[in-house]
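Trainee: Could you walk me through this fold, one step at a time? I would like to see how the pieces fit together.

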Amino acid sequence: MKKIILLFLIFLCNIHYSQEIAILKYNGGGDWYANPTSLPNLVKFCNQNINTKINNKVATVEPSSSELFLYPFIHMTGHGNVVFSSNEIQNLRNYLIAGGFLHIDDNYGMDEFVRKEIKKLFPDNSLVEIPKSHSIFQGPYAFPNGLPKIHEHDNKQPQAFGIFIEGRLALLYTYECDLGDGWENQEVHGDPASIREKALKMGANIINYVFKN
């Protein structure tokens with residue numbers, strides 16, 4: 001218990017000053033390392049356009065690590081299986097309750113697996129669809145229709161789901177959208193500039209919510 005309280009205090013102090021983000025290295029066999037150029041490109045876009053000063057070097061952190069508490073924003077993506085151990089569940093839950101933010105971007109194929117793990121994180125707090133009126137869609141770039149569609153898979157509408165803790169969005173799950181693909185280098189997917197711009201602007205809104213609220 002003393003260790004948890006100490007981590008909370010370190011994190012609460014750190015979150016106001018740390019300008020670093022990380023990608024979550026999870027177990028289960030899913031490709032947590034997908035979209036290697038996406039986060040560096042998002043950081044560059046944010047630093048140039050919304051006046052953030054985020055470290056250009058994106059860290060990698062495991063869900064069981066105390067280093068999780070060093071990063072106000074954690075990104076998670078992939079196409080396949082996701083498994084959190086009981087220790088990882090507890091650490092992630094502590095991180096989110098303490099003020100951390102986890103963005104899970106379904107890169108097509110992880111949905112059936114990650115929803116089960118989210119349920120383990122907060123069994124009494126279900127995912128809810130985030131309304132279009134939420135500030136994450138309002139600025140610095142306006143998305144009046146909610147989450148943009150970046151890549152087509154099953155002809156479904158993109159959806160943004162969240163877990164809220166005392167009114168604060170702590171976990172964002174972007175589904176049928178592929179934001180991370182839109183953040184990648186242009187030659188990776190061949191997306192037109194207009195699509196990549198939408199993805200980066202939506203990503204900037206997420207970063208803005210975490211670092212400036």
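Mentor: Gladly! One rule to begin with: two strands count as paired if DSSP finds at least two bridges between them. Keep in mind too that this is a predicted model.

Trainee: With that rule, over how many bridges do strand E1 and E3 pair, and in which sense?

Mentor: Strand E1 covers residues 21-24. One of the contacts to look at is Ala 22, whose bridge partner in E3 is Ile 74. E1 and E3 run in the parallel sense, and the number of bridges is three.

Trainee: Which residue in E4 is the bridge partner of His 75?

Mentor: E3 also pairs with E4, in the parallel sense and over six bridges. Within E4, the partner of His 75 is His 103.

Trainee: What is the handedness of the crossover from E3 to E4?

Mentor: The chain leaves E3, passes through H3 and arrives at E4. That makes a β-α-β crossover, and its hand is right-handed.

Trainee: Are the faces of E3 covered or open?

Mentor: On one side sit Phe 73, His 75 and Thr 77, and on the other Ile 74, Met 76 and Gly 78, all of them buried. That agrees with the count for the strand, six of its six residues buried. Both faces of E3 are covered.

Trainee: Now helix H4: why do its buried residues line one face?

Mentor: The buried residues of H4 (residues 111-121) are Asp 111, Val 114, Glu 117, Ile 118 and Leu 121. Seen down the axis of H4, they fall within an arc of 130°, so they line one face of the helix. In general, an α-helix has 3.6 residues a turn, so residues three or four places apart point the same way. The value to remember for H4 is the arc, 130°.

Trainee: Which exposed residues does H4 carry on the face turned away from its buried side?

Mentor: The buried side is covered by elements including E3, helix H3 and strands E4, E6 and E7. Turned away from that side are the exposed residues Glu 112 and Lys 116.

Trainee: Why is E7 described as largely enclosed, and which residue stands opposite Tyr 173?

Mentor: Seven of the eight residues of E7 are buried, so the strand is largely enclosed by the rest of the structure. E7 runs parallel to E4 over four bridges, and antiparallel to E6 over seven. In the E6 pairing, the residue opposite Tyr 173 is Phe 161.

Trainee: Which residue in the turn between E6 and E7 has a positive phi?

Mentor: E6 and E7 form a hairpin with two residues between them. The one with a positive phi, of about 50°, is Glu 166.

Conventions: Residues are numbered from 1 along each chain as its sequence is written. This is a predicted model: local features need pLDDT of at least 70, side-chain atom pairs count only at pLDDT 80 or more; totals for chains, interfaces and linings use all residues. Side-chain values use heavy atoms; hydrogens and water are left out. Buried means under 20% relative accessible area, exposed over 50%, partly exposed in between (1.4 Å probe, protein chains only). The arc is that of the directions from the helix axis to the C-beta atoms. Contact means heavy atoms within 4.5 Å. A crossover is right-handed if, with the strands pointing away from the viewer, the path from the first strand over the helix to the second runs clockwise.
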